[in-house]
Amino acid sequence: TPTSAYFSLMRTALVLWIIYRYLKHMTNSVGANFTGTMACHKTPMISVGGVKCYMVRLTNFLQVFFRISISSYHLDMVKQVWLFYVEVIRLWFIVLDSMGSVMKMKDTNNTKGSTKSEGSTERGNSGVDRGMVVPNTQMKMRFLNQVRYYSVNNNFKMGKDTNIELSKDTSTSDLLEFEKLVMDNMNQENMNNNLLSIMKNVDMLMLAYNKIKSKPGNMTPGTTLETLDGMNMMYLNKLSNELGTGKFKFKPVRMVNIPKTKGGMRTLSVGNPRDKIVQEVMRMILDTIFDKKMSTHSHGFRKNMSCQTAIWEVRNMFGGSNWFIEVDLKKCFDTISHDLIIKELKRYISDKGFIDLVYKLLRAGYIDEKGTYHKTMLGLPQGSLISPILCNIVMTLVDNWLEDYINLYNKGKVRKQHPTYKKLSKLIAKAKMFSTRLKLHKERAKGPTFIYNDPNFKRMKYVRYADDILIGVLGSKNDCKMIKTDLNNFLNSLGLIMNEEKTLITCATETPARFLGYNISITPLKKMPTVTKTIRGKTIRSRNTTRPIINAPIRDIINKLATNGYCKHNKNGRMGVPTRVGRWTYEEPRTIINNYKALGRGILNYYKLATNYKRLRERIYYVLYYSCVLTLASKYRLKTMSKTIKKFGYNLNIIENDKLIANFTRNTFDNIKKIENHGMFMYMSEAKVTDPFEYIDSIKYMLPTAKANFNKPCSICNSTIDVEMHHVKQLHRGMLKATKDYITGRMITINRKQIPLCKQCHIKTHQNKLKNMGPGM
């Protein structure tokens, strides 16, 4: 019949289009994002057998090409098509898994012997060699979000026809054990074992190296001279063997003291960069197990959490507080008991080998500035990759105690009405003359509506970032003292010490509390706006509770800029007068301007939640702009700002070869918008990955790139023997013209801090013997 033919045609079109769209266009970079393959992964969707079909793609396609609109009438048919598609894909995966260990693919992009983009891309570059990474189908995964295209240049050789060998080693099914760990820990009571087998997986070690390789601290040697420079597969295989046999030991860390912003010194540990590969794998495993068990009020060192999410919670939840308790722990990292850490780990981890590895890290010891070795019997090494999450695991006990305490402290549903307000309300109801009622209304509006410190109505809130805790209390000062005493007793039972000098009780309406660099206060009752409401047919006028005032400490920020030489304070008391920065006068002019703009963006991005953001923006622009003008004047010896502006223009335009390469305009910082509501906060915050499937994808896509880098030939002589990674600390494009070193110039050009070199070329590079040598020697 025509109807059945129509359904068959539509079913065939849907299946063909889905296969075409998902399997041929995964490298389209337009709209690519972090949480899904493409930006159009949106609801509404249908789910069949746990597999999602995103309806927006189907409706768009059918509307454009067939002028058909999908409605609820077609939903059953779409589900049948989708089940058919899922079954085809499942069988296809089984066939692929049953094939040999090597699958050769002919490159269809590069037919002229050159790639469109050198190096391995992370994602979304359609101009490089590609291989499809197919996940193992034993897991109930959603296929749409799993099919990815990656660069897999394993044996890359330039020629007229570029052949790519995709070995079984590049399949992300090698991360199957870690995927299973993620899935199992969706159950928060899961007991985890077999973690050491995940630790010794070479793919996990390679993934960890890929995540930490570009961080500048990993080129700083610890107690040995080893850094990540010279990393190769031989070392990773050796490391895997040592982890599997239990022979691996963490080396002692090197201790250095750095000044704190609030005074005093902070001790940091500088670990062996190669030990950090193991630490990163441990961090990934611990994060997978414990993150979902942590409190929603904990914001430090967690995925999708930051200082800004903590401040945003304060803004939304602390509106009714009249007292703040600023809790600060004394040397939190240095006083955490090792036995307490191991005890908390054993609640959810039964793998003795993994527990022993954590214990080895805690007891590795340190070497002080005099070169003396010390054993560590207490505390966490600050600077270790897993110290923050171990601290969070212990501080979760404090979170649980505070949440239980809040349930006991809170009482009452509403505040009791103030006697004066209640008395005047009765007189207004009895008054017959309009003038009398108006007079009584004005008199009632002068006083409070409710008893502000009603002993039968109490509330308590808290937010924690690492060891900094802010508690908001609706109650009396005696209540705050009681809370502080009880919390101190509990911290002492854990071996932690409250810093009495920095733990302050402040009146929320008089003295702002300092939390994560913001000044937080509450609008006084008399200054709160009044609103008219109609309740049960009666019109009443009451004061509207406002959100907390979250101000940036402009004076302190200006003082910090003055300390670093961007401005100064005059003798007549004027603060923040711009001045030149002498250390930058030898830099290129565009580097000077870009440094100032980067500094301003960093400050304003952090304080874009501030109530006084616009005033801060204007102040920062004034200081940095005129300091930049004075720095350029000093560089070119122009003496005055007017001569500098006459030379470069008011926008400080730097022109090179008739091309504008840098400027400092009046609206430089206008694109950093103040976040004023929850919608803007969610839109401007970083993408959040909460779905375990998407989390697996987010870490999985890096593995083929890491493997491809290790499998590349030497960038100098094209040798494939003893290839290792050459690292540098920093790369500046401004060095490109000045450098005569081929390797450094090449790394600057491709903007990469690592490049593969064979053993001999690597040694010659460090001996400065390859300055004028190019590819092929």
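The exercises below concern helix H8 and its surroundings in a predicted model.

Residues are numbered from 1 along each chain as its sequence is written, and side-chain values use heavy atoms, with hydrogens and water left out. Because the model is predicted, local features need pLDDT of at least 70 and side-chain atom pairs count only at pLDDT 80 or more, while totals for chains, interfaces and linings use all residues.

**Exercise 1. The chain as a whole**

Task: State how many helices and strands the chain has, and what share of its residues is buried.

Solution.
1. Helices (H or I, at least four residues) and strands (E, at least two) are DSSP runs, numbered from the N terminus. The chain has 25 helices and 25 strands.
2. Buried means under 20% relative accessible area, exposed means over 50%, and partly exposed is in between (1.4 Å probe, protein chains only). Of the 777 residues in the chain, 47% are buried.
3. A contact means heavy atoms within 4.5 Å. Among contacts with a separation of 6 or more, 71% are between residues 24 or more positions apart.

**Exercise 2. Confidence**

Task: Find the average pLDDT of the chain and describe residues 686-702.

Solution.
1. pLDDT is the predictor's confidence in each residue, from 0 to 100. The chain averages 75, and 66% of the residues score at least 70.
2. Over residues 686-702 the pLDDT stays under 50, and the model has 54 contacts beyond four places in sequence for this stretch.
3. Residues 730-740 also have a pLDDT below 50, with 20 contacts in the model beyond near neighbours in sequence.
4. Where pLDDT is low, the predicted coordinates should not be read in detail.

**Exercise 3. Helix H8 and Asp 275**

Task: Compare the span of H8 with the expected one, then say which residues Asp 275 contacts.

Solution.
1. The expected span of a helix is 1.5 Å times one less than its number of residues. H8 has 16 residues and reaches 22 Å from its first C-alpha to its last, close to the expected 22 Å.
2. Helix H8 is mostly covered, with 15 of its 16 residues buried.
3. Asp 275 belongs to H8, which runs over residues 275-290. Leaving aside neighbours within four places in sequence, Asp 275 contacts Phe 248, Phe 250 and Lys 251.
4. For charge, Lys and Arg count as positive and Asp and Glu as negative; His and the chain ends are not counted. A salt bridge is a side-chain nitrogen of Lys or Arg within 4 Å of a carboxyl oxygen of Asp or Glu.
5. Asp 275 is buried and has no salt bridge; the nearest side chain of opposite charge, Lys 251, is 4.2 Å away. The side chain of Asp 275 does reach the backbone nitrogen of Lys 251, at 3.0 Å.

**Exercise 4. Salt bridges of Glu 280**

Task: Name the partners of Glu 280 in salt bridges and place them in the chain.

Solution.
1. Side chains of opposite charge can pair when their charged atoms come close. The whole structure holds 15 salt bridges.
2. One partner is Lys 211, with the closest N and O atoms 3.5 Å apart. This pair links distant parts of the chain: Glu 280 is in H8 and Lys 211 is in helix H6 (residues 202-212), 69 residues apart.
3. Another partner is Arg 283, at 2.9 Å from N to O. Arg 283 and Glu 280 are three residues apart in H8, so about one helical turn separates them.
4. Glu 280 counts as buried because its relative accessibility is 4%. Lys 211, at 26%, counts as partly exposed, and Arg 283, at 23%, is partly exposed.

**Exercise 5. The loop after H8**

Task: Which residues are linked with Asp 291 in a network of salt bridges, and where does Phe 301 lie?

Solution.
1. Arg 302 and Asp 291 meet in a salt bridge of 3.0 Å, N to O. Both residues lie in the loop between H8 and helix H9 (307-317), so the pair ties together parts 11 residues apart in sequence.
2. Arg 302 and Asp 291 are buried.
3. The network links Asp 287, Asp 291, Arg 302 and Lys 303.
4. Phe 301 is in the loop between H8 and H9. Phe 301 has a positive phi of about 60° although it is not a glycine, and is partly exposed at 42% relative accessible area.

Key. A polar contact is a pair of N or O atoms within 3.5 Å; within protein, one must be able to donate a hydrogen and the other to accept it, and residues adjacent in sequence count only if both atoms are side-chain atoms.
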